[in-house]
Amino acid sequence: MSNVSRRGFIGASMAGLALASSAKAGVITSDIDAGALRPSKTTPLGLYLSPTAAHKAMQQDPEILFVDVRDPIEITFVGHPEGLDRIVPLMVATHRVDPRSGQYRMAQNPNVVAEFEALLREKGKSKADPLFVTCRSGSRSAHAVRVLIQAGFTNVWNLTEGFEGDTNDQGARALNGWRNAGLPWGYQLAPGVAWQRPAG
């Protein structure tokens, strides 16, 4: 797949909240009914986008940062949206299995905020500049957004359907999401996008 230019806009939530961020910024228009969201997908800023709206915005403004907060191993096997600026995992898989769930335990990434702040410095952005955050289906990304808000970020948008989307009646992630919308995605990461575990 070609490396697609993505990005665009800044500013209004479903309720018409306008956010001024940079002189060259436009307006990001939410296409999500915030009242219909599960609590796990909501954030205090109330800034939500579908993958389709996010992709359109990023095509129009290549300056918007786009971050995936899933575990890197998950991304390796499932794929990721094209156009990511960075992977900053909210949690990472351990090699310990939870006997109740039969799945690998996840451990919090203690450097989430520092890694987002480093990305801002690298890209010459501030905590008021627009930032799109995604995960599998919109809950982890909402958690990450809440963490970032506590650290002073003021223009962070949750992609409420995530990459794989919500589950249907058969338990398959086939209802919505980046991949199901037919947006560009792949398995190969562009240089500088992969997460690097901090030394030490």
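**A parallel sheet and its surroundings**

Strands β2 and β4 run parallel and are joined by two bridges. This pairing is a convenient way into the structure, which is a predicted model. Within it, Asp68 of the β2 pairing lies opposite Ile87 in β4. Asp68 also has a counterpart in β7, where it stands opposite Thr134. The contact between β2 and β7 is again parallel, this time over four bridges, and Val67 finds its bridge partner in Val133 of β7. From β7 the pairing continues to β8, in the parallel sense and over three bridges; here Leu131 is partnered by Val156 of β8. Between these two strands the chain travels from β7 through helix α4 (residues 139–150) to β8, a β-α-β crossover that is right-handed.

Put together, these pairings belong to an open sheet of five strands, ordered β1-β8-β7-β2-β4 and paired in parallel. The edge positions are taken by β1 and β4 (86–87); each has a single partner strand, so one side of each is left without a neighbour in the sheet.

The side chains of the inner strands deserve a closer look. In a regular strand, side chains alternate between the two faces of the sheet. For β2, Leu65 and Val67 point one way while Phe66 and Asp68 point the other, and all are buried. A matching description holds for β7: Leu131 and Val133 point one way, Phe132 and Thr134 the other way, and all are buried. Strand β8 (residues 156–159) contributes Trp157. With a relative accessible area of 0%, Trp157 is buried, the cut-off for that term being under 20%. Trp157 lies 23 residues from Thr134 in sequence, and their C-alpha atoms are 8.8 Å apart in space.

What covers helix α1? This helix spans residues 51–60, and its buried residues are Pro51, Ala53, Ala54, His55, Ala57 and Met58. An α-helix has 3.6 residues a turn, so residues three or four places apart point the same way. The cover over the buried residues of α1 includes four strands of the sheet, namely β1 (48–49), β2 (65–68), β7 (131–134) and β8.

Helix α4, the connection between β7 and β8, carries Arg140. Is this arginine buried or exposed? Arg140 has a relative accessibility of 16% and therefore counts as buried, since the limit is under 20%. Its side chain makes a polar contact with the side chain of Glu74 (2.9 Å). Beyond neighbours within four places in sequence, the residues in contact with Arg140 are Val69, Arg70, Asp71, Glu74, Leu90, Met91 and Cys135. Glu74 thus appears both as a polar partner and in the contact list of Arg140.

Ala128 offers another view of the region before β7, as it is found in the loop between α3 (112–123) and β7. Ala128 counts as partly exposed because its relative accessibility is 29%, which falls between the limits of 20% and 50%. Ala128 and Val156 are 28 residues apart along the chain, with 8.4 Å separating their C-alpha atoms. Val156 is also the β8 bridge partner of Leu131.

At the level of the whole protein chain, there are four helices and nine strands. Read along the sequence, they follow the pattern β-α-β-α-β-β-β-β-α-β-α-β-β. The chain has 200 residues, of which 48% count as buried. Among the contacts with a separation of 6 or more, 62% come from residues 24 or more positions apart. About 9,800 Å² of the protein chain is exposed, and carbon and sulfur atoms supply 53% of this area.

Finally, a word on confidence. The protein chain averages a pLDDT of 86, and 86% of the residues score at least 70. Over residues 1–25, however, the pLDDT is below 50, although this stretch has 95 contacts in the model beyond near neighbours in sequence. Where pLDDT is low, the predicted coordinates should not be read in detail.

Notes:
Residues are numbered from 1 along each chain as its sequence is written. This is a predicted model: local features need pLDDT of at least 70, side-chain atom pairs count only at pLDDT 80 or more; totals for chains, interfaces and linings use all residues. Side-chain values use heavy atoms; hydrogens and water are left out. Buried means under 20% relative accessible area, exposed over 50%, partly exposed in between (1.4 Å probe, protein chains only). Contact means heavy atoms within 4.5 Å. Two strands pair if DSSP finds at least two bridges between them. A crossover is right-handed if, with the strands pointing away from the viewer, the path from the first strand over the helix to the second runs clockwise. Accessible areas come from the Shrake-Rupley method with a 1.4 Å probe; for residues, only the protein chains shown count as cover. pLDDT is the predictor's confidence in each residue, from 0 to 100. A polar contact is a pair of N or O atoms within 3.5 Å; within protein, one must be able to donate a hydrogen and the other to accept it, and residues adjacent in sequence count only if both atoms are side-chain atoms.
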